Amino acid sequence: MIGQKRANALFSGSIHLLSAGSSDFIQNYYIDPILYGAYTSDQFSDRLMSSYSTFIQTLYGLGARRVGVTNLPPLGCLPAAITLFGRGSNQCVARLNRDAFSFNRKLNSTSESLRRLPGLKLVVFEIYQPLLDMVTKPSDNGFFESRRACCGTGTLETSLLCNSRSIGTCSNATGYVFWDGFHPSEAANEVLAGDLLQQGFDLIS
(Lines give C-alpha, C1' and ligand atoms only; values in the text may rest on other atoms or scores of the structure.)
Protein backbone atom coordinates (compact mmCIF):
# COMPACT_ATOMS: atom_id res chain seq x y z
CA MET A 1 0.00 0.00 0.00
CA ILE A 2 2.81 2.44 0.77
CA GLY A 3 5.58 0.98 -1.37
CA GLN A 4 8.60 -1.12 -0.48
CA LYS A 5 10.90 1.78 0.44
CA ARG A 6 8.50 3.41 2.88
CA ALA A 7 7.44 0.02 4.24
CA ASN A 8 11.07 -0.88 4.99
CA ALA A 9 11.62 2.45 6.72
CA LEU A 10 8.48 2.03 8.78
CA PHE A 11 9.40 -1.51 9.81
CA SER A 12 13.00 -0.71 10.71
CA GLY A 13 11.99 2.39 12.66
CA SER A 14 9.27 0.68 14.65
CA ILE A 15 9.42 -0.80 18.14
CA HIS A 16 8.46 -4.47 18.02
CA LEU A 17 6.95 -5.92 21.19
CA LEU A 18 6.75 -9.66 21.79
CA SER A 19 5.14 -11.89 24.35
CA ALA A 20 5.98 -15.56 24.34
CA GLY A 21 5.79 -18.57 26.59
CA SER A 22 2.66 -18.20 28.73
CA SER A 23 0.22 -19.94 26.41
CA ASP A 24 2.92 -22.39 25.34
CA PHE A 25 3.12 -23.67 28.90
CA ILE A 26 -0.40 -23.18 30.32
CA GLN A 27 -2.47 -24.01 27.26
CA ASN A 28 -0.15 -26.53 25.62
CA TYR A 29 2.63 -28.16 27.62
CA TYR A 30 0.86 -28.68 30.94
CA ILE A 31 -2.36 -30.02 29.43
CA ASP A 32 -1.00 -32.02 26.49
CA PRO A 33 -0.07 -35.53 27.70
CA ILE A 34 2.07 -36.10 24.60
CA LEU A 35 4.15 -32.96 25.12
CA TYR A 36 4.27 -33.43 28.87
CA GLY A 37 5.39 -37.00 28.49
CA ALA A 38 7.95 -36.28 25.79
CA TYR A 39 9.76 -33.34 27.39
CA THR A 40 10.73 -32.15 30.83
CA SER A 41 9.83 -28.52 31.47
CA ASP A 42 13.51 -27.69 31.06
CA GLN A 43 13.65 -29.39 27.67
CA PHE A 44 10.43 -27.71 26.59
CA SER A 45 11.77 -24.27 27.51
CA ASP A 46 14.89 -25.04 25.47
CA ARG A 47 12.66 -25.65 22.45
CA LEU A 48 10.92 -22.33 23.06
CA MET A 49 14.28 -20.58 23.32
CA SER A 50 15.28 -21.98 19.94
CA SER A 51 12.05 -20.67 18.40
CA TYR A 52 12.51 -17.31 20.11
CA SER A 53 16.08 -16.96 18.85
CA THR A 54 15.07 -17.85 15.30
CA PHE A 55 12.16 -15.40 15.40
CA ILE A 56 14.33 -12.51 16.62
CA GLN A 57 16.90 -13.23 13.92
CA THR A 58 14.12 -13.32 11.32
CA LEU A 59 12.83 -9.94 12.50
CA TYR A 60 16.36 -8.62 12.40
CA GLY A 61 16.79 -9.90 8.85
CA LEU A 62 13.65 -8.01 7.86
CA GLY A 63 15.11 -4.81 9.27
CA ALA A 64 13.86 -4.67 12.87
CA ARG A 65 16.35 -3.04 15.22
CA ARG A 66 14.30 -2.22 18.32
CA VAL A 67 12.65 -5.19 20.00
CA GLY A 68 11.13 -5.67 23.44
CA VAL A 69 10.03 -9.02 24.85
CA THR A 70 8.18 -9.67 28.10
CA ASN A 71 9.38 -12.52 30.26
CA LEU A 72 7.01 -15.02 31.81
CA PRO A 73 4.76 -13.97 34.68
CA PRO A 74 4.51 -16.16 37.79
CA LEU A 75 2.49 -18.81 35.95
CA GLY A 76 1.56 -20.64 39.13
CA CYS A 77 -0.29 -17.58 40.44
CA LEU A 78 -2.68 -17.18 37.52
CA PRO A 79 -6.21 -17.97 38.73
CA ALA A 80 -6.75 -20.56 35.99
CA ALA A 81 -3.43 -22.24 36.80
CA ILE A 82 -4.35 -22.55 40.48
CA THR A 83 -7.71 -24.01 39.49
CA LEU A 84 -6.25 -26.48 36.99
CA PHE A 85 -3.02 -27.49 38.69
CA GLY A 86 -3.33 -26.47 42.34
CA ARG A 87 -4.85 -29.78 43.49
CA GLY A 88 -7.44 -28.05 45.62
CA SER A 89 -5.06 -25.52 47.11
CA ASN A 90 -5.81 -21.81 47.03
CA GLN A 91 -2.13 -20.91 46.80
CA CYS A 92 0.23 -20.28 43.88
CA VAL A 93 1.50 -23.48 42.28
CA ALA A 94 5.21 -23.51 43.16
CA ARG A 95 6.16 -25.95 40.38
CA LEU A 96 4.80 -23.66 37.68
CA ASN A 97 6.52 -20.64 39.17
CA ARG A 98 9.82 -22.51 39.19
CA ASP A 99 9.34 -23.34 35.51
CA ALA A 100 8.65 -19.68 34.73
CA PHE A 101 11.69 -18.55 36.71
CA SER A 102 13.91 -21.03 34.85
CA PHE A 103 12.47 -19.96 31.49
CA ASN A 104 13.18 -16.32 32.33
CA ARG A 105 16.81 -17.03 33.12
CA LYS A 106 17.17 -18.70 29.73
CA LEU A 107 15.39 -15.80 28.07
CA ASN A 108 17.87 -13.35 29.57
CA SER A 109 20.83 -15.47 28.51
CA THR A 110 19.54 -16.01 24.97
CA SER A 111 18.72 -12.32 24.61
CA GLU A 112 22.21 -11.39 25.75
CA SER A 113 23.64 -13.52 22.94
CA LEU A 114 21.27 -11.98 20.39
CA ARG A 115 22.39 -8.47 21.34
CA ARG A 116 25.62 -9.22 19.47
CA LEU A 117 23.72 -8.56 16.25
CA PRO A 118 24.98 -5.15 15.06
CA GLY A 119 22.60 -2.30 15.85
CA LEU A 120 20.01 -4.47 17.62
CA LYS A 121 18.40 -3.03 20.74
CA LEU A 122 16.75 -5.91 22.56
CA VAL A 123 15.10 -5.34 25.93
CA VAL A 124 13.66 -8.07 28.15
CA PHE A 125 10.78 -6.64 30.16
CA GLU A 126 10.63 -8.01 33.70
CA ILE A 127 7.03 -8.68 34.70
CA TYR A 128 7.52 -11.75 36.90
CA GLN A 129 8.43 -9.98 40.12
CA PRO A 130 6.11 -6.96 39.78
CA LEU A 131 3.11 -9.22 39.17
CA LEU A 132 4.16 -11.60 41.96
CA ASP A 133 4.31 -8.62 44.31
CA MET A 134 0.77 -7.64 43.33
CA VAL A 135 -0.46 -11.18 43.94
CA THR A 136 1.25 -11.67 47.30
CA LYS A 137 0.77 -8.09 48.57
CA PRO A 138 -2.30 -6.77 46.75
CA SER A 139 -3.14 -4.02 49.23
CA ASP A 140 0.32 -2.46 48.76
CA ASN A 141 -0.68 -1.79 45.17
CA GLY A 142 -4.28 -0.72 45.79
CA PHE A 143 -5.96 -4.07 45.14
CA PHE A 144 -8.21 -6.15 47.37
CA GLU A 145 -8.45 -9.39 45.34
CA SER A 146 -5.56 -11.34 43.83
CA ARG A 147 -6.75 -14.97 43.91
CA ARG A 148 -10.01 -14.67 41.99
CA ALA A 149 -10.36 -12.84 38.70
CA CYS A 150 -13.12 -10.33 38.01
CA CYS A 151 -14.73 -12.28 35.16
CA GLY A 152 -17.36 -14.91 35.91
CA THR A 153 -16.40 -17.29 38.70
CA GLY A 154 -12.92 -15.76 38.67
CA THR A 155 -11.27 -19.17 38.56
CA LEU A 156 -11.03 -20.25 34.92
CA GLU A 157 -12.94 -18.17 32.37
CA THR A 158 -11.10 -16.29 29.66
CA SER A 159 -11.54 -14.91 26.16
CA LEU A 160 -15.08 -15.37 24.78
CA LEU A 161 -16.33 -16.59 28.16
CA CYS A 162 -15.65 -13.12 29.57
CA ASN A 163 -18.23 -10.60 28.43
CA SER A 164 -21.01 -8.37 29.72
CA ARG A 165 -23.31 -11.40 30.13
CA SER A 166 -20.86 -13.55 32.10
CA ILE A 167 -22.63 -14.52 35.32
CA GLY A 168 -20.79 -13.39 38.42
CA THR A 169 -18.53 -10.81 36.79
CA CYS A 170 -17.46 -8.17 39.31
CA SER A 171 -18.68 -4.59 39.20
CA ASN A 172 -15.35 -3.03 40.17
CA ALA A 173 -12.48 -4.55 38.19
CA THR A 174 -10.03 -1.91 39.42
CA GLY A 175 -9.74 -3.75 42.74
CA TYR A 176 -8.77 -7.03 41.08
CA VAL A 177 -5.27 -8.02 40.01
CA PHE A 178 -6.70 -10.30 37.32
CA TRP A 179 -9.44 -9.61 34.78
CA ASP A 180 -9.84 -13.25 33.78
CA GLY A 181 -8.21 -16.58 34.54
CA PHE A 182 -5.05 -15.71 32.61
CA HIS A 183 -4.75 -11.95 32.17
CA PRO A 184 -4.12 -9.03 34.53
CA SER A 185 -6.81 -6.40 34.85
CA GLU A 186 -6.49 -2.99 33.25
CA ALA A 187 -5.57 -1.56 36.66
CA ALA A 188 -2.82 -4.16 37.14
CA ASN A 189 -1.54 -3.55 33.62
CA GLU A 190 -1.33 0.14 34.43
CA VAL A 191 0.97 -0.66 37.36
CA LEU A 192 3.06 -2.95 35.17
CA ALA A 193 3.22 -0.35 32.40
CA GLY A 194 4.95 2.10 34.72
CA ASP A 195 7.75 -0.40 35.28
CA LEU A 196 7.93 -1.33 31.60
CA LEU A 197 8.28 2.28 30.48
CA GLN A 198 11.35 2.67 32.66
CA GLN A 199 12.81 -0.63 31.52
CA GLY A 200 12.20 0.15 27.86
CA PHE A 201 13.90 3.55 27.76
CA ASP A 202 16.69 2.14 25.57
CA LEU A 203 14.14 1.37 22.87
CA ILE A 204 13.13 5.01 22.49
CA SER A 205 16.41 6.77 23.23
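In this predicted model, the second largest pocket encloses about 250 Å³ of space. Its lining consists of 14 residues, and those nearest the centre are Leu-17, Phe-125, Leu-196, Leu-197 and Gly-200. Four elements each give two or more residues to this lining: strand E1 (15–19), strand E2 (66–70), helix H8 and helix H9 (201–204). The largest share, four residues, is supplied by E1. Sorted by class, the lining of the second largest pocket holds 10 nonpolar and four polar residues, with no charged residues.

The largest pocket contains about 440 Å³ of space. A total of 21 residues line the largest pocket, and Ser-19, Ser-22, Phe-182, His-183 and Pro-184 lie nearest its centre. Helix H2 (22–29) and helix H8 (186–199) each provide at least two residues of that lining. H2 makes the largest contribution to the lining of the largest pocket, with four residues. The lining comprises 11 nonpolar and 10 polar residues, and no charged residues are found in it.

Two helix pairs are described next. Packed helices are characterised by the angle between their axes and by the distance between those axes.

| Helix pair | Axes come within | Crossing angle | Handedness |
|---|---|---|---|
| H4 and H6 | 10 Å | roughly 30° | right-handed |
| H2 and H4 | 11 Å | roughly 130° | right-handed |

The first pair joins helix H4 (residues 41–61) and helix H6 (residues 94–114), whose axes cross at roughly 30°. Angles under 35 degrees count as roughly parallel, and H4 and H6 are therefore roughly parallel to each other. H4 passes H6 in a right-handed crossing. On the H4 side, the contact includes Ser-41, Asp-42, Ser-45, Leu-48, Met-49 and Tyr-52. On the H6 side, the residues taking part include Asp-99, Phe-103, Lys-106, Leu-107 and Leu-114. By class, the residues of the contact of H4 with H6 are seven nonpolar, seven polar and four charged.

The second pair also involves H4. The axes of H2 and H4 come within 11 Å and cross at roughly 130°. H2 is therefore oblique to H4, and H2 passes H4 in a right-handed crossing. Asp-24, Phe-25 and Tyr-29 of H2 meet Ser-41, Phe-44, Ser-45 and Leu-48 of H4 in this contact. The contact of H2 with H4 is made up of four nonpolar, two polar and one charged residues.

Definitions and conventions: Residues numbered from 1 in each chain as written. Predicted model: local features only at pLDDT ≥ 70, side-chain atom pairs only at ≥ 80, totals over all residues. Heavy atoms only, no water. 1 Å grid on protein atoms, 1.4 Å probe; cavity = no way out; pocket = protein on both sides within 12 Å on 5 of 7 lines; lining within 4 Å. Points joined across faces, edges and corners; volume = space filled by probe spheres on them. Nonpolar A, V, L, I, M, F, W, Y, C, P; charged D, E, K, R; others polar. Axes fitted to C-alpha atoms, helices over the stretch in contact; angles between N-to-C directions. Parallel < 35°, antiparallel > 145°, perpendicular 65-115°, else oblique. Left-handed = near helix turned anticlockwise from the far one by under 90°. Contact = heavy atoms within 4.5 Å.
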